[in-house]
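Visitor: Could you take me through one part of this structure up close? I'm in my first year, so please go step by step.

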Amino acid sequence: MLATIERMEILDRAEELAQMVLSSDIGENYFISLNRLQNDREAQEKIAAFAKMKERFEEVQRFGRDHPDYREVNLGTRTLKRGMDMHPTVISFKQAERALQEVLDQISGIIAKAVSPHIKTP
């Protein structure tokens with residue numbers, strides 16, 4: 001019974017920590033950037049065009065350089081990816097995502113090292 005109560009306390013504290021991260025400036029910035037990205041029509045069109053071209057690229061990739069459309073699809077995929085990645089809303093979202101990921105990585109490292117110095121973290 002004691003182990004169950006301890007586990008519940010650990011889970012409760014983990015949820016508190018998650019709420020702290022979500023309500024932090026970095027967490028709020030992430031959700032604001034995500035909302036902007038989801039509501040930016042131009043960015044969504046670029047993402048959709050890239051996803052469609054990526055599917056075509058994966059289809060062409062099965063045959064490799066022997067496929068007659070290989071060069072065209074390869075170039076088109078890279079062009080659309082660059083256009084998508086250079087869109088200001090996408091850039092802002094990726095920066096916010098990276099910042100949040102860094103915080104989460106730091107938290108997991110602190111927790112892992114508190115348990116044992118032999119635990120490997122990314």
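**A close look at helix H3**

Guide: Let's start with the residues that H3 tucks away: Ala43, Phe50, Met53 and Val60 are its buried ones. Looking down the axis of H3, you'd find these buried residues within an arc of 100°, so they line one face of the helix. Turn to the other side of H3 and you meet Arg41, Lys52 and Glu55, which are exposed. Keep in mind that this is a predicted model.

Now for the length. H3 covers residues 41–61, and at 1.5 Å a residue its 21 residues should span 30 Å; the C-alpha atoms at its ends are 30 Å apart, so the two agree. At the N-terminal end of H3 there's a cap, made by Asp40: one of its side-chain oxygens lies 3.1 Å from the backbone nitrogen of Glu42.

What do the buried residues of H3 pack against? They pack against helix H2 (25–39), helix H4 (70–85) and helix H5 (88–115). Let's take these partners in turn.

With H2, the axes come within 5 Å and cross at roughly 75°. That makes H2 roughly perpendicular to H3. Where they meet, H2 brings Leu37, Gln38 and Asn39, while H3 brings Arg41, Ala43, Gln44 and Ile47.

Let's zoom in on Ala43, which sits in helix H3. Ala43 has a relative accessible area of 0%, and buried means under 20%, so Ala43 counts as buried. Setting aside neighbours within four places in sequence, Ala43 touches Leu37, His87, Thr89 and Val90. Two of those names come back in H5, where Thr89 and Val90 are among the buried residues. For a sense of distance, Ala43 and Glu28 are 15 residues apart in sequence, and their C-alpha atoms are 21 Å apart in space.

Further along the chain is Phe57, also part of helix H3. Is Phe57 buried, exposed or partly exposed? Its relative accessible area is 21%, and the buried label needs a value under 20%, so Phe57 goes down as partly exposed. Leaving out neighbours within four places in sequence, Phe57 is in contact with Val73, Asn74 and Thr77. Those three turn up again in H4, whose buried residues are Tyr70, Val73, Asn74, Gly76, Thr77 and Met84. Seen down the axis of H4, its buried residues fall within an arc of 165°, so they line one face of that helix. They pack against H3 and H5. On the other side of H4, the exposed residues are Arg71, Glu72, Leu75, Arg78, Thr79 and Arg82.

How long is H4? It has 16 residues and reaches 22 Å from first C-alpha to last, close to the 22 Å expected at 1.5 Å a residue. You can do that check on H5 too: with 28 residues, H5 reaches 41 Å, close to the 40 Å expected.

Finally, see how H4 and H5 sit together. Their axes come within 6 Å and cross at roughly 75°. That makes H4 roughly perpendicular to H5. Lys81, Met84 and Asp85 in H4 meet Val90, Ile91 and Lys94 in H5. Val90 is worth a second look here, since you've already seen that Ala43 of H3 is in contact with Val90.

Conventions
Residues numbered from 1 in each chain as written. Predicted model: local features only at pLDDT ≥ 70, side-chain atom pairs only at ≥ 80, totals over all residues. Heavy atoms only, no water. Helix = DSSP H or I, 4+ residues; strand = E, 2+ residues; numbered from the N terminus. Expected span 1.5 Å × (residues − 1). Buried < 20%, exposed > 50% of the residue type's maximum accessible area, 1.4 Å probe, protein only. Arc of directions from axis to C-beta. Contact = heavy atoms within 4.5 Å. Polar contact = N/O pair within 3.5 Å; in protein donor to acceptor, adjacent residues only side chain to side chain. Axes fitted to C-alpha atoms, helices over the stretch in contact; angles between N-to-C directions. Parallel < 35°, antiparallel > 145°, perpendicular 65-115°, else oblique.
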